[in-house]
Amino acid sequence: MSVYILGIESSCDDTSAAVIHNTRVLSNIIANQRVHEKYGGVVPELASRAHQQNIIPVIDTALKEAKISKNNLHAIAFTRGPGLLGSLLVGTSFAKAMSLSLGIPLIETDHMHAHILAHFLTDEEERPVPRFPFLCLTVSGGHTQIVVVKAHDDLKIIGKTIDDAAGEAFDKSAKIMGLPYPGGPLIDKLAKEGKPDAFSFPEPRIPDLDYSFSGLKTSILYFLRDQLKQNPDFIEQNKVDLCASIQSTIISILMKKLELAVQQTGIKEVAIAGGVSANSGLRHAMMEAAEKLGWKVFLPKLSYSTDNAAMIAMAGYFKYLDGDFASQKIAPYARQSSR
Ligand code: KG4
Ligand code: ZN
């Protein structure tokens, strides 16, 4: 079967559209919104306005780059949630209108599931695909989850954060240090020059497979407040070591629970997904676990780690095969559990 799907992603601050042919990516266009940088975080109202401006050119470019006409599409897949409602509404409304005008099915997808299903995308680079059941550590700006993936439509969360997400831990730590938003990629870059054991921050004691990151943020805040009293240039002088130490603490917290999940489930095929899966330290820790613990690890291509519409089209493809279509009455949801 030959299926062309257009994916539309607008859950947060990236407007993205992608075309896939079965699992193969033909185009994956992402318009980042720079407007939030000066505010130190995403401003929801500005995000929805920027989506409105970006959505038509982004979809147009995705179709052009894929070298197909909209009349050749078989379905339109969009992000229904979780995310910012105003942002989700832009993609949802556009997807509905497009499916109606083209007379093709509308497919709703869950953003967090799509991050995981991105592992099934194929392009010119050959990559191994995980086999069911596998574990996935899904780490983004709003979520941190350990998921047992039994099938593309059977995903069970066995651990999650009780407060901040791992991406938030990166972004908030960066903000405390006066670094611009989003801080994750910047901490990753600076950490490469620093010593991960220069400073130590306490790790939370949370039962089972759940995570907590809010304590780390507070301990960084107090630590820096005390240091700055003695030396106002402390952050500037220790920036790379601070970044390396913070990053290594976040990775250590993430990996300990992931190791526990592998022990508890006996599943040794382990993937990571979501924006934080782009982190070089986390990728390195996964490769080490593969070597030391005998895991088979799956690291997404960098362009499919952070928000993108190829993953939405991929999740849409699986639903297309199942005939799982959405109605024109469908509304977005802000939180995953509210479905
Ligand atoms: O999945 P994503 O693009 O958007 C959400 O669904 O939230 O994830 C964004 C998060 C942000 O917190 C960003 O700082 C973080 O992913 N991030 C990183 C890196 N690249 C993106 N965190 C650490 N290291 C990176 N290289
Ligand atoms: Zn995401």
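The exercises below, each with a worked solution, deal with a zinc site, salt bridges and a charged patch in a predicted model. Residues are numbered from 1 along each chain as its sequence is written, while chains are lettered from A and ligands numbered from 1 in the order in which they are written. Because the model is predicted, local features need pLDDT of at least 70 and side-chain atom pairs count only at pLDDT 80 or more, whereas totals for chains, interfaces and linings use all residues; side-chain values use heavy atoms, with hydrogens and water left out.

**Exercise 1.** Identify the protein donors of the zinc ion (ligand 2) and place them along the chain.

*Solution.* Donors are N, O and S atoms within 2.8 Å of the metal (3.2 Å for Na, K and Ca), and since water is not among the atoms, sites may look incomplete. Applied to the zinc ion (ligand 2), this gives His111 (NE2), His115 (NE2) and Asp307 (OD), at 2.0 to 2.1 Å. Their spacing along the chain reads H-x3-H-x191-D. Histidine 115 belongs to helix 3 (residues 111-117) and aspartate 307 to the loop between strand 10 (296-298) and helix 9 (310-322), so the pair ties together parts that are 192 residues apart in sequence; helices (H or I, at least four residues) and strands (E, at least two) are DSSP runs, numbered from the N terminus. Both of these residues are buried, where buried means under 20% relative accessible area, exposed over 50% and partly exposed in between (1.4 Å probe, protein chains only).

**Exercise 2.** Contrast the salt bridge of glutamate 45 and arginine 49 with that of glutamate 108 and arginine 80.

*Solution.* A salt bridge requires a side-chain nitrogen of Lys or Arg within 4 Å of a carboxyl oxygen of Asp or Glu, and the model has 16 by this rule. Glutamate 45 and arginine 49 meet at 3.3 Å, N to O; they are four residues apart in helix 1 (residues 44-66), which means a separation of about one helical turn. Glutamate 45 is partly exposed at 47% relative accessibility, and arginine 49 is likewise partly exposed at 47%. For glutamate 108 and arginine 80 the N to O distance is 3.5 Å. Glutamate 108 lies in strand 5 (residues 106-110) and arginine 80 in strand 4 (residues 75-81), so this pair ties together parts that are 28 residues apart in sequence, and both residues are buried.

**Exercise 3.** Describe the surroundings of the salt bridge between glutamate 168 and lysine 172.

*Solution.* The closest N and O atoms of the two residues are 3.5 Å apart, and both residues sit in helix 4 (residues 166-176), four residues apart. Glutamate 168 is partly exposed at 22%, as is lysine 172 at 27%. The two also belong to a network of salt bridges that links Asp164, Glu168, Lys172 and Lys217.
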